[in-house]
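Here's a quick look at how a few strands and helices fit together in this one. Have the model open beside you as you read.

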Amino acid sequence: MSASTPNLETTCPYCGVGCGVSAKLRDDSIIAVSGDKTHPANYGALCVKGSALHETMGDHGRLFYPSVNGQRVDWDTALDTVAKRLHEVREQHGPGAIAFYLSGQLLTEDYYVANKLAKGFIGTGNVDTNSRLCMSSAVASYKRAFGADAVPCSYEDLDHCDLLILVGSNAAWTHPVLYRRMATAKKRNPTMRVVVIDPRRTASCDLADLHLPINPGADGYLFVGLLAWLQQTGASRSEYIAQHTEGYLEALEAANAISFAETARLVGLETDVLETFYQWFSETDKTITFYSQGINQSSSGTDKGNAIINCHLATGRIGKIGAGPFSITGQPNAMGGREVGGLANQLAAHMDYNPGDLRTVADFWATDQLCQQPGMKAVDLFDAVADGGIKAIWIMATNPVVSMPDANRVREALQRCETVIVSDCVAATDTTATADILLPATGWGEKNGTVTNSERRISRQRALIKPVGEAKDDWWIMTQVAQRLGFSEAFPYQSARDVFVEHAALSGFRNNGKRIFNISGLSELSEQQYNDLSPIQWPITTESPAGTARLFSEGGFVTASGKARFIAIAPRPPVQLLSAAYPYALNTGRIRDQWHTMTRTARAQRLLNHIDAPFVLVHPETARTNALHDGDLAEVSTAHGAVRVGVILDEGMGENQLFVPIHWNDQFARQARVCSVIAPLTDPVSGQPEFKFTPAAMKKVATPVWAMVVSREPLECNEFIDWSMTPLTDNKGYCYRFAATEGFDWQAFIRQQGYTGNCAQYSDTEHRDERFICYEGALVQMAIFSHHSLSLMPATSWLQGLLSREITSSPWQLLAGIDMNQPDRGKLICACFEVGEKQILAAIVDGANSTKALGEQLNCGTNCGSCIPELNKLINETLNVDAA
Ligand code: SF4
């Protein structure tokens, strides 16, 4: 028997909650994970994505070796080539012709070295990050209000608040562990109220005492109106305002420009509903406003953030237990990127492009090459690639061909660019396809360093297993390139710890309390201390060696006056308005079980069994108007392009709204990169794109024939009207959903795939029902079930299981599409215990009328709890129908 090693603590690589993970290893493999019970972010809880981390490991699909122009090379050749190309571009076109595009998936150490190399020594400010797409508006609004990018709250404030306002956040799906924490707090404190502000009714409404389905993009009006209300009703705190803030009268004057009745009209709420919300805010001291991409991803996201902060400043609800404006980051290390200056308009260690800060950074790094001006933000940066101003770009750990707005233009730009260097741990992505130089990077479980979560807590992400192939850490790769460029003295790093302590030292260098980001208390860590570092919240200084839970409890803002700044806001609608040609507001976002562009989460089959294909959520009335039904294929188009997605009817949507998830890309579907249809319109302060509101049209795509296909090998999909694919666990094969033309020749298709073995076939042409089982010996190689109706296909779970089992009797039995031993569970609801919708509905009908009863009977909802909102929805829908 193999010896097992003890559990090892690390951090989840997905969202900004930053959960601690205990990993179990065997034979240099991560064989199981569980929540780290000691980690203050999650105290042992994990959501379904975190729980499946070990299922995403393995060599399959990884990038193993460096390559240049498609040819495998050794590391020395790759690094020499990178250094040579960067040197040539810098010599011929100047440092500004070089760009770096980084990622909130990088560790802080990687981020630090990238910024130092680019800004400090190559001398280009054109360094931006995918965090620009996620939370740069939150950064900008914090800086405007507090003088620093400083989140004042802690997660424990969620345990103590009496009013929780979720705005622009479907936390139940995007930050599930925090959502469970909110649910627990509400259970413990029955007087706690939850308000969800969202144009659509999401899973997070399961917790809501009040749901405000405001008009899309109207959040700014709502909070500006609240500021006026607080003053008019005497709820603002004049002594706090006088002592700790400035600019109140100007902000109030702007707020008073819109009447209460007009605000109600603009946000689309009845006045009594709006009054209820305002009244609850007025009367509740312990109020948290919890916000995320729904606020940030807007052409006025910075103003919206400040409109929220204004209301907290007016009531003095900042830095208090259970109170504050709490922006939550999407990515695991967006905050770490902010610390090292990952955004183009920042210098390292929260410093800015002003003469004093420039001198401080240049002196600390001992460089005379420090760029003197902010660089281009993401949208402008890729425009410059398209226009030829940028000649070389180095992209790390991100997939801009999927995630940037107007993503087709980004792809064309990269295809035209002279030198595209991509460092990634995954071989085939829409972005690696554009690379001239590919560099294999270590992935989660292999790389070593730190991340900072949404509450400023720095945690270790530890290297637990050996890297696959020749993969290397990003900080190491850049250090080697820096040395080849002649900067060896400034880049002497031998370990991630060497980088971290320098980063920590810079945060304290000439700080004297001017910069709130200060982790100089960690600048003397030894290798052992760094390895053992426990999660800790910054600032960490000699005065606060154990970290700091809350900021600004006694005021003390980091503006010139020491006072927080109110910002006068004139709210505005989205840039593009709905029209006869584009009558629907297209919203984009994330789903429960997937992360980013699916490069990791799509490796765990059970994470795709909840939702396995790209879709658009549509209100039933909107669908009826467009002659669409549940399951139809729709084309959603905007002025920038179109995607093809399956229709899901959802009464929680407004009638003029559509929602399409961001995850699917060309690796998993024919035409579902939704960011390719988003206009590159940005917030003027933060540069963050408006992903949440794009005018769109929708029409049905004819699908004469549907097919579900499993195959051990990837299939050629070009000739289909539409396709989507889910990989099967343990690299067993692939499951496809095809939409095909009338009379599609499946036998020719089987031959085209190179298959020449046995094939059993059933055909009922009248109903366009064709089935094929291709097998060798007792093993199925490929199975095709084709029909005019998608609803008449065999269950996906049964289909997926075909490649794992031997044919025990006749393949003809399989053609019937029925296996008595594998009942159809329906759509997977609980991914932890693999419990399907049909099982749950049957249990509810049999009397399990609560999530507790369902959990006792089926186990569903008893592990991570991510599915509890859906369980409640099924219970309510079933019991209400029965009662009707
Ligand atoms: Fe990971 Fe889920 Fe925790 Fe986010 S909430 S850090 S995805 S386990």
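What follows covers one sheet, the helices lying across it, and one helix pair.

This is a predicted model, where local features need pLDDT of at least 70, side-chain atom pairs count only at pLDDT 80 or more, and totals for chains, interfaces and linings use all residues. Residues are numbered from 1 along each chain as its sequence is written, and side-chain values use heavy atoms, leaving out hydrogens and water.

Start with the open sheet: seven strands (DSSP E runs of at least two residues, numbered from the N terminus) in the order β5-β4-β16-β15-β14-β6-β7, with mixed pairing. Pairing here takes at least two DSSP bridges between two strands. β5 (71-72) and β7 (127-129) sit at the edges with a single partner strand each, so one side of each has no neighbour in the sheet. Further in, β15 (residues 419-424) and β16 (residues 437-440) run parallel over four bridges, and Ile421 has Ile437 in β16 as its bridge partner.

Two helices (DSSP H or I runs of at least four residues) lie across these strands, in contact meaning heavy atoms within 4.5 Å. Angles run from 0 to 180 degrees between N-to-C directions, using axes fitted to C-alpha atoms, for helices over the stretch in contact.

| Helix | Lies across | Angle |
|---|---|---|
| α3 (residues 108-122) | β6 (98-102) and β7 | about 165° to β6 |
| α20 (residues 474-484) | β14 (392-396), β15 and β16 | about 155° to β14 |

Elsewhere, α28 (residues 837-845) packs against α29 (residues 851-858) at about 115°, axes 10 Å apart. Gln839, Ile840, Ala843 and Ile844 of α28 meet Leu854, Gln857 and Leu858 of α29.
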